[in-house]
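Reader: I'd like to learn how to read a structure like this one. Can we go through it feature by feature?

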Amino acid sequence: MPKQAREQVFARGAELGARPGANAGAISTATNVTAFKPKLDQTDFDVIIVGAGLSGIGVAYHLQRDCPKKSFIILEGREALGGTWDLFRYPGIRSDSDMHTLGYRFRPWRGEKAIADGPSILDYLNDTAREYGIDRRIRFRHKVKRAFWSSTEARWTLEVEGPDGKQVNYTCNFLQMCSGYYDYDGGYMPGWPGMEHFKGEIVHPQKWPDILDYTGKRVVVIGSGATAVTLVPAMTDNAAHVTMLQRSPTYIVSRPAKDPIANWLYAKLPEGLAHSAARWKNILLSMYFYNAARKNPEGAKQRIISMVKAQLGSGIDAAKHFTPRYNPWDQRLCLVPDGDLFRAIRAGNASVVTDEIETFTETGLRLRSGEDLSADIIVTATGLVMRLMGGMQLVVDGKIVNPGTTMNYKGMMFSDVPNLASTFGYTNASWTLKADLTAEYLCRILNKMDRGGYAYCTPRNTDPAVTSDATPPLSSGYMQRGKDVMPKQGSKRPWKLYQNYAKDMLALRFGAINDGALVFTRAERPASKRA
Ligand SMILES: Cc1cc2nc3c(=O)[nH]c(=O)nc-3n(C[C@H](O)[C@H](O)[C@H](O)COP(=O)(O)OP(=O)(O)OC[C@H]3O[C@@H](n4cnc5c(N)ncnc54)[C@H](O)[C@@H]3O)c2cc1C
């Protein structure tokens with residue numbers, strides 16, 4: 001192990017014991033963090049985490065708790081933490097899963113609303129980082145460009161673009177990628193004909209302008225995914241009218257923004273108990289509804305559509321605008337809190353058009369049906385560009401690795417890539433559920449390596465019966481567009497993705513690490529001889 005400062009002392013037992021801070025759900029555990037004095041010039045660490053979003057902060061917490069002797073740092077390309085919850089600034093930005101499961105297992109969410117707005121989620125992340133001293137471990141404006149693994153050295157060397165644009169090299173034994181799944185530089189924008197002729201403003205939700213006055217304006221939102229269904233009701237506050245223009249419908253489900261059972265639990269029970277109970281309630285309910293929908297898709301489809309009809313009344317053609325061509329959970333369901341989208345449509349402030357764009361015009365859009373849609377502002381809620389590992393290039397013992405040709409081990413490591421894990425959350429439940437489990441498993445692996453004197457571990461598939469499957473977990477556009485860059489899943493454990501928290505919990509929290517696929521290797525030369 002390299003010589004480095006190890007002043008960090010973190011007490012265990014920080015789970016669930018703390019009290020509210022700035023955010024309604026904030027918990028103060030400042031006493032659990034003592035005397036960490038980061039050395040500013042230190043560039044060699046046991047672990048480097050890439051990305052200070054929800055996942056990176058979670059991994060840092062787990063490392064402090066479960067591997068207190070490990071030195072680590074978070075390298076973050078942007079100048080703020082929070083990732084998604086700092087980047088997206090469009091009106092109404094909010095979660096579409098409940099905060100009892102989108103929040104961390106180790107830190108309760110005590111906001112009144114379970115479906116929370118973006119700024120509250122960002123507060124929660126900032127408070128978490130501050131309270132556990134994680135904010136002092138982040139090096140902002142450090143963008144990791146390339147990572148080179150050397151089996152001889154049992155080390156990663158990272159080429160990092162520092163704040164002044166100059167390259168700095170960092171080294172570590174284990175690399176934990178928490179870089180999300182999409183391109184931060186820009187969202188997906190199909191090239192429609194005539195865009196250059198439009199006299200109004202075209203805005204992508206990923207790059208929302210600091211000031212966009214839509215008071216009294218006619219807004220068309222292109223898309224019908226989570227972002228579109230959030231934006232449409234939110235913009236009806238000031239816009240003259242908001243039209244959601246979709247090529248094809250999406251499943252939309254209304255859910256109360258406030259979770260009365262969770263709020264009752266918090267009022268009646270000690271905080272830790274209430275948090276666990278609210279969390280498990282939501283985990284089990286979402287697993288139940290997901291499994292029921294997959295077992296009986298037609299039944300689920302009819303149920304969702306009848307709920308939509310009940311919300312919209314008879315004036316809207318639900319068969320045309322709210323009946324997707326695919327089955328529930330082939331794509332993520334869109335959630336609308338307290339039916340806000342349906343209310344806006346009922347009130348006449350918003351409408352839905354199902355059609356295709358023929359061309360942009362000076363004043364709006366001409367549709368395939370021949371209809372003209374007038375607009376002052378067009379919002380292209382057309383999705384994300386999938387990007388794994390933040391676009392970082394990966395080189396293992398001199399060979400460039402395309403993650404798209406690897407197989408996913410337990411949903412967190414890549415076949416034949418040593419000492420690298422990557423956090424990727426669930427597509428059918430809150431991201432954090434899997435992110436927390438991934439962080440726990442990382443710590444188990446690191447501790448096992450320390451106990452056994454191993455320098456690295458590599459997932460290797462030696463079972464000829466395992467076949468690889470390139471089908472992405474969802475049929476959504478961004479997944480289809482990005483399927484070549486995503487690692488494949490295998491036909492059986494530990495290479496198969498179950499998208500199931502209970503199964504993953506058993507495997508990652510309690511399951512044996514020695515599963516025949518994760519191969520542990522001792523150092524090729526003594527640590528003392530390393531540079
Ligand atoms: C609008 C929107 C709403 C969402 N709502 C939900 C929801 O309700 N529920 C849910 O479960 N999921 C939701 N998601 C998915 C969401 O991204 C995850 O829940 C979660 O925020 C992901 O956290 P993360 O830390 O893994 O990634 P991110 O939030 O994407 O953070 C990644 C961080 O890594 C940094 N980074 C990337 N590459 C590099 C590099 N090379 N060098 C240095 N730093 C780098 C980025 O700057 C960023 O700060 C939503 C996504 C979007 C876009």
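Reader: Let's start at the ligand. Which ligand atom does a polar side-chain atom of S97 lie close to, and what is the distance in Å?

Author: Keep in mind that this is a predicted model. For a polar contact, look for a pair of N or O atoms within 3.5 Å. Here, a polar side-chain atom of S97 sits 2.6 Å from a nitrogen atom of the ligand. Two other side chains reach ligand oxygen atoms: E76 has a polar atom 2.6 Å from one, and W85 has a polar atom 3.1 Å from one.

Reader: How much of the ligand's accessible area does the protein cover?

Author: On its own the ligand has 980 Å² of accessible area, and the protein covers 95% of that.

Reader: Which elements give two or more residues to the shell around the ligand?

Author: Those are helix 1 (54-66), helix 2 (84-87) and strand 6 (143-150). There are 33 residues around the ligand, and S55, E76, D96, S97 and Y184 come nearest. Sorted by class, the shell has 15 nonpolar, 13 polar and five charged residues.

Reader: Now for the second largest pocket. How much space lies in it?

Author: About 1100 Å³. It is lined by 40 residues, and the ones closest to its centre are V253, R255, L285, S286 and F289.

Reader: Which element gives the largest share of that lining?

Author: Helix 7, with 10 residues. Other elements supply at least two residues each, among them strand 12 (252-255), helix 6 (260-268) and helix 8 (297-312). By class, the lining of this pocket counts 23 nonpolar, nine polar and eight charged residues.

Reader: What about aromatic rings? Why is the pair of F106 and Y132 called edge-to-face?

Author: The general idea is that you describe a pair of aromatic rings by the distance of the centres and the angle of the planes. Planes over 60 degrees apart count as edge-to-face. The rings of F106 and Y132 have centres 5.7 Å apart and planes at 85°, so they form an edge-to-face pair. F106 is in the loop between helix 3 (99-102) and helix 4 (118-131), while Y132 is in the loop between helix 4 and strand 5 (138-139), so to speak 26 residues along the chain. The structure holds 24 aromatic pairs.

Reader: Last one, the backbone. Which residues does a cis peptide bond join?

Author: As background, most residues other than glycine have a negative phi, and most peptide bonds are trans. Here a cis peptide bond joins R493 and P494, with omega about -10°. P494 is in the loop between strand 26 (489-490) and helix 13 (501-510). D397 is not a glycine, yet has a positive phi of about 45°; this residue lies in the loop between strand 19 (393-396) and strand 20 (399-401).

Methods:
Residues are numbered from 1 along each chain as its sequence is written. This is a predicted model: local features need pLDDT of at least 70, side-chain atom pairs count only at pLDDT 80 or more; totals for chains, interfaces and linings use all residues. Side-chain values use heavy atoms; hydrogens and water are left out. A residue is near a molecule or strand if one of its heavy atoms lies within 4 Å of it. A polar contact is a pair of N or O atoms within 3.5 Å; within protein, one must be able to donate a hydrogen and the other to accept it, and residues adjacent in sequence count only if both atoms are side-chain atoms. Accessible areas come from the Shrake-Rupley method with a 1.4 Å probe; for residues, only the protein chains shown count as cover. Helices (H or I, at least four residues) and strands (E, at least two) are DSSP runs, numbered from the N terminus. Ala, Val, Leu, Ile, Met, Phe, Trp, Tyr, Cys and Pro count as nonpolar, Asp, Glu, Lys and Arg as charged, and the others, Gly among them, as polar. On a 1 Å grid over the protein atoms alone, a cavity is a set of points where a 1.4 Å probe fits but cannot get out, and a pocket is an open set with protein on both sides within 12 Å along at least five of seven lines; lining residues have an atom within 4 Å of a point. Grid points are joined across faces, edges and corners, and a volume is the space filled by probe spheres set on the points. Rings of Phe, Tyr and Trp (its six-membered ring) pair if their centres lie within 6.5 Å; planes under 30 degrees apart count as stacked, over 60 as edge-to-face and the rest as tilted.
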